[in-house]
Amino acid sequence: MTQQDIKTLIIDNYDSYTFNLLQLFPNPSQVVVIRNDQFTWDSFVSKVLPYFDNIIISPGPGRPERNSDFGICTQLLKAQLDPTQSRYHRPIFGVCLGHQGIAHIFGGKVIHAPRIMHGRMSKVHLQNTAQTKYNDILINCPTPFWAVRYHSLVVEKESLPKDLLVTAFCYENDADMDALKNAKFLADDDQYNKQVRNHFLDHTILDQPSTQITVMAFQHSNLPIWGVQFHPESVSTEHGQTMISNFQQETIRWISTNSNRSISTHPLNSTLLSYSAALPKLISTPTTQSAPFELYIKSSCPSWIDPEVFVDELLSTQGDHTIGWLDSSRLSSPYSRLSILSLDPAVRMTYSTLHHQLTLENRQGQTTHTNLDTTFFDYLSQLLIESKTTTTMQEKEILPQLEFQGGLMGYFGYEMKRESLEGYKTPTQQLCHCPDHGSKLNCCTCLEEPDAAFQFVDRFLVFDQTQHQIYLCCLIKTKETRHDLLQHVGFNQTQEAKDWIQHQEQSILSMVETIRKRKQTEDFIRYTPASSACTTPTPSLQLTNNIFDPDVDHQAYLKTIERSVEAIREGEAYEICLTTRFRLDLPKQITTDHQDPTLWRLYTRHLRKNNPAPFSALMMFPNLGLLSSSPERFLKVSADGLAEMKPIKGTVGRVLQCVCDQGLCDFGVLCEQNKLALDEERKQQLWQDVKERAENLMIVDLIRNDLAQVCDPSSVSVPKLMHVETYEKVHHLVSTVRGQLHPGVNTVEAVQKCFPPGSMTGAPKLRSVQILDELENHQPRGCYSGCLGYFSLNGNADFNVVIRTAVASTKSNGHVEISVGGGGAITFLSNPEQEWKETLLKTKSVAPSVKEFLEDQ
């Protein structure tokens, strides 16, 4: 009988950290996670409970007094107090809400915490208890140790019944802030030397006692029941694995004295595993291994042309192209090596969750509408399964390591949460009430800005910006497929592919020559004497600084922030990412027509130059365009299944202007040294900022939880926690989370399980999204807060978070509207006025470019 044989059931209270508990087990294959409302009590005690040796009750939002928050956990705990229900007795370990639930059911009180702590760290002190029947699960943990706290409520110590003995407490002080004071910030160097599971604070700082203490753990004097208020599964809590090991050992001890129970050495059967929310659904596999497409690649002639110049020239002189451009415009970023340009995709698809309607438009302009009987994610999964590629090269060229080899390029809007979040139900306020849906141009919002839109890319250019090489790529059909959409994809003959590549080479050469001649002309004009006849510039349009109108005005937004803080105070969430959108109607002559280059120059000539970012993009869809300068990666998956997410939480402006004392600037070396010194101070201040760190830690733990649903839990690691990453105008606090996908999980399911991005929702994710529905008056976020990127046919995928993005959509009146989303993470420490200013600040990454663009018209 060993700990490896113990079968553990985790009851999830719809928290966003529950699946991180799996990382604490040496053998997570013996652990099943169910939701607290997945079974009725009768089904639970007959189909589930008999097969498990012990139970963990997870954290979660809300209060244990509410059945809607605590589910079957209430009946389970009550059964432990009833001697006549001994068949339902099990060792139980409650975490956070589970801890509070034990106290409540056993007679204690749950009250508001003296200090609300979300993403903060405290030193936990152990204390000796009277003799108990079972050992404490904190045995062998040193005292004190660092633990992460996510809670607004606590158990009142004085109310605890005599059978619940306090085993640990913490002082209500700022020990975490003290530990950071003398620590140097971590700069981002993009080095991954090892797979790091945890990150802890220094122990050299003394924990200052305070008169105010909070119960952090208790155990029952006679029953095998324990609870902890902190989160042992957090990336920054120490000794979590020791606690689980102790829990398993005490379970063995309980079983050895319980004549009605023995440990089975057999693994869990397939029926029990099928109940688990921790295991991904099985993805069907193709009936044949042969690929229907072959990727044909040729490197271009020696002439190099910058992708920005190429796209601008292409739109200006050959305006009949529909493009998709994943740009990677920030050349100083290690993530900006390749820039991918789609030319005239085989199919453009848009999708509405409210109508389950998929619209397909092929290269010839033919349009079809289909109502799906499954989710759009499932549709894309099956499409990719049937679209694998092999690779070939022309002549004897060496195959470059191209991560994108044809496939799907596009976005999932925030409203795809309706098909990704388990437990989410679309409120009636969000349903489409358009009486004539689809009868005229963009008659309702679900047509103006589709919930998802993708291009099937079979002809594209890849610009290697480090090697100054251009690769011309296209797909060739090698066999017929059953999927209707794939009939329109790829060239039928190799010669057709060669002809297309030859045409693209000629276009590049011609474009290079045109640009050379234009430069000669511009140089001639520049050096022409002022007396010569030159055209007088047209006076620019005078615009005010605030050209966008917010959906929610200043005062209303402040009140919404106050409501968010109150929800956090009541334990409904740890963090709420509140947003709004800012809108502007463009002049009537500007359209989203792909043949009209005017709008797209907003990106090529303004946004790209003013705000370069590693995950930039320009995407064209019917009556819609996305012009993105996002700095944040959502999810990247390699062909061998390695998943990576890079959340950004924490921003401070760089020191870019002179900071010398008046009259003492040398306008040279000393001035630069002063700027650099103050810029380093800004980095240190950002790294030490307790609010920014708490926000980042909350999202890191949430992302670990997301990846644990599609990855082997033991593979989920955090190579970097809160490294300072420097951009042209700001410093960001960035973390990196990695994991290895389960065999059989494809890239679409990985995106689905992690969607929407946790950095745009808050935590717990489901409850935060539900709260945000109300706070944001059920207004759709659209593309904003979603993700944009690609699914490659060779198994790679890479998506950004859609922030710092201008969304141009054609309204029902034919005018084009530009919208820019902005917002911020609301915590209990948030200052409403400061949060409003931060929201305005985030729009400034896009708004100045729009202003410049309009002044040029």
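**Close-up 1. Cys577, a buried residue in strand E22 of this predicted model.** Let's start with a single cysteine. Cys577 has a relative accessibility of 3%, and because buried means under 20%, this residue counts as buried. Cys577 belongs to strand E22, which covers residues 575-585. Which residues does Cys577 touch, if we leave out those up to four places away in sequence? The list runs Lys649, Gly758, Ser759, Met760, Thr761, Gly762, Leu772, Glu776, Arg781, Gly824 and Ala825. Take Met760 from that list: Cys577 and Met760 are 183 residues apart along the chain, yet their C-alpha atoms are separated by 5.5 Å.

**Close-up 2. Asp701, a buried residue in helix H15.** Next comes an aspartate. Helix H15 spans residues 690-708, and Asp701 is part of this helix. Is Asp701 buried or exposed? With a relative accessible area of 1%, Asp701 is buried. Setting aside neighbours within four places in sequence, Asp701 makes contact with Ser16, Tyr17, Asn20, Tyr150, Ser234 and Val235. Keep Tyr150 in mind, as this tyrosine also helps to line the cavity in the next view.

**Close-up 3. The largest cavity and its lining.** Now for some empty space. How many cavities of 30 Å³ or more does a search of the whole structure find? The search finds six, and the largest cavity holds about 70 Å³ of space. Its lining is made up of Gly60, Gly62, Cys96, Leu97, Gln100, His118, Tyr150, His151, Ser152, Leu153, Gly571 and Tyr574. Helix H4 (97-105) and strand E6 (145-155) are the elements that give two or more residues to this lining. Strand E6 provides the largest share, with four residues. Sorted by type, the lining has five nonpolar residues, seven polar ones and no charged ones.

**Close-up 4. Helices H8 and H13 where they meet.** Our last stop is a pair of helices. Helix H8 covers residues 307-317 and helix H13 covers residues 601-610. Their axes come within 9 Å and cross at roughly 155°. Angles over 145 degrees count as roughly antiparallel, so H8 is roughly antiparallel to H13. On the H8 side, the residues in contact are Pro307, Glu308, Val311, Asp312 and Ser316. On the H13 side, you can find Arg601, Thr604, Arg605, Arg608 and Lys609. What types of residue make up this contact? There are two nonpolar, two polar and six charged residues.

Methods:
Residues numbered from 1 in each chain as written. Predicted model: local features only at pLDDT ≥ 70, side-chain atom pairs only at ≥ 80, totals over all residues. Heavy atoms only, no water. 1 Å grid on protein atoms, 1.4 Å probe; cavity = no way out; pocket = protein on both sides within 12 Å on 5 of 7 lines; lining within 4 Å. Points joined across faces, edges and corners; volume = space filled by probe spheres on them. Nonpolar A, V, L, I, M, F, W, Y, C, P; charged D, E, K, R; others polar. Axes fitted to C-alpha atoms, helices over the stretch in contact; angles between N-to-C directions. Parallel < 35°, antiparallel > 145°, perpendicular 65-115°, else oblique. Contact = heavy atoms within 4.5 Å. Buried < 20%, exposed > 50% of the residue type's maximum accessible area, 1.4 Å probe, protein only.
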